[in-house]
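Biologist: I am new to this structure. Please show me how to read its features, one at a time.

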Amino acid sequence: MPNLQPYADPMYFVYLLIALVPLAVGLYFGKRINWYEVLVSLVFIFLMFDGDASHIHQGYALIVYIIWEALLVGWYTKYRQSKNSTPVFYIVTILSILPIVAVRIAGTGLFKPELSLIGFLGISYLTFRTVGMIIETRDGSIKEFKPMYYLRFVLFMPTLSSGPIDRYRRFIKDIEGVPDRATYLEYLSKAVKYLFLGFLYKFVLAHYFGDVWLPYCKSMALADPNHFWSWWLIPVMYTYGFDLFFDFAGYSLFAVAIGYIMGIDVPMNFNQPFRSKNLKDFWNRWHMTLSFWFRDYVFMRLVFTMMKNKWFKSRITTSNVAYVLNMLLMGFWHGLTWYYITYGLFHGFGLVINDAWLRYKKKHNVPHNKFTEGFAIFLTFNVVMVSFLIFCGFLDTFWFHR
Amino acid sequence: MTDKKKLWQIFGPVILAFGLIGLLFLLPFPLNHMSQQGLREASVSFSDDIIKGQGVKRAAFAKGEKFVPFFGSSELTRFDNMHPSVLAAKYHRDYQPFLMGKPGTEAMIHYMSMQEMQPALDHKKAVFIISPQWFTKDGVNAAFSTFYSPLQLTEWFLNMGKEPTATDKFMAQALLNQQPIKNNDFYARLLNEVKDGHSLSAADLSAIKFQNRILSREDELFTNYLGTNNWNKDVVKQGKKLPATYNESELDRLAVKAAQKETSNNNFQIKNSFYTQRVQPSLKRLKGAQTNFDYRQSIEYSYFQAVLQVFAKEHTDVLFIITPVNERWSNYTGLNQDMYQQSVAKMKHQLTSQGFNNIADLSKQGGDPYFMQDTIHIGWRGWLAADQAIKPFLSSPYQETHYQMNDDYLSQSWQNLDPSQQSMMSYN
């Protein structure tokens, strides 16, 4: 059997789109053929994890993982129907993130590297969805556990490997119903547009930035006799930044488009992030489903807990601490390396500075016009690019030859 | 607006786009035109795409063009004032070398590349420079995937006769060992058929034909051969240093003069830049490092045989040039000269026994002053010596060929035959 990685090459789209035709015809005529959707999803998930030994191994890891998480969520939902103890909630949450924590620690190679074997492509996105469900169950927003719904949500095929991260209740509303014809036509029209925009992003622009220019800039930087600074780091920074955007945004467009064809209103992940006027604006436009997840489930709850327990007197300090912790956690999630963690701190403190500036601006009536706005966009863009240079790990290679 | 109309609005442009792409790829006439200047640049561009592709070769060797294919490897990239491309351009000879080769191109890569240029070889002349360095035990086709293209392979399938020949079967096996082919289920299946001596089914052939059509259009649209400026940078510039009229002894004097100036920083007569960059850093390590090099037993003899089969099939009139190593250098690295000469003798036996008699054997001249440009590549007076064979060969008209091919040269027993121990006489 061939191995098909999602959206990796043009043929994948041919196979997938042909397989989705019956589903789309059904939706057009107002019928959601659930069994067919599950079947197609299973086939394409199977094709992601078959082929060579390492893929098959990941497939088994996925199965074990999903059983573990389903049992946790299932048990907790049952428990929550009668009780609501905070320690139990924390224990369940910790147990649900245990697999990814183990994979991240193993990934450093410092401790039990063999644990990385429990990882698989997409584990972090499955974890986000599951943890989100546990938190909403605690809130009382999710009241019952339906195994089939859980599986369809967490394993939703178009977004399995790299998001976007949907929300359970929103998703379930979609699969329980059928979009009316006008809405579905709107979905199809967006899907076509996003697919072609995604082709441009991922197969043309990301190819040039990532496969052609970036390796060249990197090799020039490495060839620099000065091992602390090279002017070539600047083109490395920009080419990497654009590669990251076009690759990931292209991928996300594909996932959203396929979701639309399947009649699911998958949330968008990017909204012209390089037009952001400040860092806060940036995080409302970049990898949106991730940053909103962190906003809703980490930041807001941190602020709430800190205010409730009166850890700090000032509201400002409270939110600043929450920014830094929130972004630091996001850095840890990317992986336990100095550059991911620095990236997290960079953005955490960046948001603190950003907030301070916005307060200053309000208080002192700083002039605001087209030019200041243009400058703000320019500055934000470059600050973000610097953060990507940290994030990409090339500095690790450049300075420490790893 | 009705729903049907909306559907058209959504999918109409997509269908139209695919239709246009289909037209672009399937229209039966060529879409590009190669200018004289473009071809001239291509002839010295060393672009991988040219070896991979078909369009440039077809244009360069079309009727009325004076380009002659020069097959070889790294030595072709060693431009100096006596390089064949420089001499031909400077003295307005009625041929101009089209350089097919660069570091890494050995017989198997040429074999695949030749599949796309059969009209260029059909009853025409060619020059083939053999580097004995290719003839290592398992061959040196590490660069295969750099120069391979599916277009070559589809051409190979289409060039094949009804029944696979011994060469076809041998090459099918060799190709199946190569990563980019092994990983393609369709090609691997067909090659297994050929390897076992089966001819391809009509359905498979039409699939190949269709692919071939798409691939050759892709080649036509995307081959990049104008990215260099080698014609002006190397050919014209080097030519300016030469006298206006061809004069052998004057050229020899200039060759020595240039070589003296450019090999001043070492005692091996290796070009200064090459010496500082490639030799000096590991000079100590290289002393005696080549004592065990052996070119006498190698699978490359059979890849080379496959190339000869193409020449025989197309009745190509070929001049073979066998290159030496820099003797000053090989004395230092301990390369065995007897072994070298035995391997050359084996190559020459394979050639002459099958009727390939145009051979310029320069292999013994590696010690001549300023014959080599560096460790294993001829330069200055070496190019001039090659010219002594190239010039008369390409100035005379095409000679009808009479090759008598022998498939035994594809056998393992020939590959493994040690010319110092066994007689080559049973291979005739």
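Modeller: We will go through the interface, the salt bridges, a surface patch and some backbone features. This is a predicted model, in which local features need pLDDT of at least 70 and side-chain atom pairs count only at pLDDT 80 or more, while totals for chains, interfaces and linings use all residues. Residues are numbered from 1 along each chain as its sequence is written, chains are lettered from A and ligands numbered from 1 in the order written, and side-chain values use heavy atoms, without hydrogens and water.

Biologist: How many residues of chain A are in contact with chain B?

Modeller: Contact means heavy atoms within 4.5 Å. Here 7 residues of chain A touch 8 residues of chain B.

Biologist: What area do chain A and chain B bury between them?

Modeller: The size of an interface is often given as the accessible area lost when the parts come together. Buried area is that loss, taken with a 1.4 Å probe and summed over both parts. Chain A and chain B bury about 660 Å², and 82% of it is on carbon and sulfur atoms.

Biologist: Which side chains meet in a salt bridge across the interface?

Modeller: Side chains of opposite charge can pair when their charged atoms come close. The rule asks for a side-chain nitrogen of Lys or Arg within 4 Å of a carboxyl oxygen of Asp or Glu. It finds 1 salt bridge across the interface of chain A and chain B. Asp3(B) pairs with Arg181(A), at 3.1 Å from N to O. Helix α8 (residues 181-223) of chain A gives the largest share of the chain A side, 6 residues. Helices are DSSP runs (H or I, at least four residues), strands likewise (E, at least two), numbered from the N terminus.

Biologist: How many salt bridges does the structure hold over all chains?

Modeller: There are 24 over all chains. One of them joins Arg301(A) and Asp139(A), with the closest N and O atoms 2.9 Å apart. Arg301(A) lies in helix α11 and Asp139(A) in helix α5 of chain A, so the pair ties together parts that are 162 residues apart in sequence.

Biologist: Where are the unusual backbone spots?

Modeller: A cis peptide bond joins Gly163(A) and Pro164(A), with omega about 0 degrees. Pro164(A) sits in the loop between α6 (147-154) and α7 (168-176) of chain A. His123(B) is not a glycine, yet has a positive phi of about 50 degrees. His123(B) is in the loop between α7 (118-121) and β3 (125-130) of chain B.

Biologist: Which residues make the nonpolar surface patch?

Modeller: Patch residues have over 30% relative accessible area (Shrake-Rupley method, 1.4 Å probe, only the protein chains shown as cover). They have no salt bridge; like charges are joined within 9 Å, and nonpolar side chains (Val, Leu, Ile, Met, Phe, Trp, Tyr) within 5 Å. This patch covers about 670 Å², and its residues include Ile97(A), Ile105(A) and Phe332(A). α4(A) gives the most, with 3 residues.

Terms used: Buried area = accessible area lost by both parts, 1.4 Å probe.
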